[in-house]
Amino acid sequence: MVSITANSSAAPSLSATVDKTRVIQARRDAEQAQSTADDLRRQADSADRTAQVSQDNARSLAERSNQLVANYVQTQRGASNEPRTLGPSVVSRLYADPPSASLLLPPVVNAQGQATGQLVNLSA
C-alpha cells in the first residue's frame with residue numbers, strides 16, 4: 001500500500017490539471033471581455049461627443065436661420081412702406097446705357113404686396 005500512495009501523490013491527478021487549465025482559460029476570457037467592454041465604452045463616449053457637437057451645430061444653425069428670417073421680415077415690412085426712388089446718377093446711367101430686359105429693376109410692389117408692373121423702357 002505504501003507504493004500505491006507514493007505513486008498517487010507524486011503525479012498530479014488528471015482532473016486537477018484540467019481544472020487548472022479551465023481556470024487559466026476563464027481568466028483569459030474575462031480579460032478579453034473586460035478589454036472589449038473598455039473599447040466599447042470608449043466608442044460610446046466618442047459617439048456621444050460627436051452627437052453633442054452635431055446637436056450644438058443644429059441648434060446654432062436653427063437660431064441663425066430664425067434670426068435671418070426675422071431680419072428679412074422686418075426689412076420687408078419697412079421696405080413696403082417706403083416708395084422706391086432712383087437717384088439722379090442711376091437715372092442718367094440708365095438713359096446713357098439702357099440695360100437688357102433681364103437686368104431691369106425688380107417689379108414695383110404696391111402697399112398690399114401685389115406686383116403692379118416693371119420698368120421696361122426708361123428712354124421714352
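**Figure 1. Asp56 and Arg59 pair up in a salt bridge.** In this predicted model, the closest N and O atoms of Asp56 and Arg59 are 2.8 Å apart. Both residues belong to helix α2, and because they are 3 residues apart there, about one helical turn separates them. How open to the outside is Asp56, in relative accessibility? The value is 34%, so Asp56 counts as partly exposed. Arg59 is partly exposed too, with a relative accessible area of 44%.

**Figure 2. Here we look at Asp38 and Arg41, whose side chains meet in a salt bridge.** The N to O distance is 2.9 Å. Once again we are in helix α2, where Asp38 and Arg41 sit 3 residues apart, or about one turn of the helix. Asp38 has 29% relative accessibility, so this residue counts as partly exposed. Why would two such side chains team up at all? Opposite charges on side chains can pair when the charged atoms come close.

**Figure 3. Arg42 reaches Asp39 in a salt bridge.** For this pair, the closest N and O atoms are 3.9 Å apart. That still counts, because the cut-off for a salt bridge is within 4 Å. Arg42 and Asp39 are 3 residues apart in helix α2, which means about one helical turn lies between them. Are the two partners buried or exposed? Arg42 is exposed, with a relative accessible area of 52%, while Asp39 is partly exposed at 33%. The label for Arg42 follows because exposed means over 50%. With this pair in view, here is the tally: the count comes to 3 salt bridges.

**Figure 4. Now for some nonpolar side chains: Val69, Tyr72 and Val73 form a patch on the surface.** Together these residues have about 280 Å² of accessible area. One of them, Val73, lies in helix α2. Val73 has 32% relative accessibility, so it counts as partly exposed. That is enough for a place in the patch, because patch residues need over 30% relative accessible area.

**Figure 5. Finally, a look at how confident the prediction is along the protein.** Which helix has the highest confidence, and which the lowest? Helix α2, residues 14–81, comes out highest, with a mean pLDDT of 90. Helix α1, residues 2–10, is where confidence is lowest, at a mean of 51. Taken over the protein, pLDDT averages 76, and 58% of the residues score at least 70.

Technical notes. Residues numbered from 1 in each chain as written. Predicted model: local features only at pLDDT ≥ 70, side-chain atom pairs only at ≥ 80, totals over all residues. Heavy atoms only, no water. pLDDT = per-residue confidence, 0-100. Helix = DSSP H or I, 4+ residues; strand = E, 2+ residues; numbered from the N terminus. Patch = residues over 30% accessible without salt bridge, like charges linked within 9 Å, V, L, I, M, F, W, Y side chains within 5 Å. Areas by Shrake-Rupley, 256 points an atom, 1.4 Å probe, with all protein chains shown as cover. Buried < 20%, exposed > 50% of the residue type's maximum accessible area, 1.4 Å probe, protein only.
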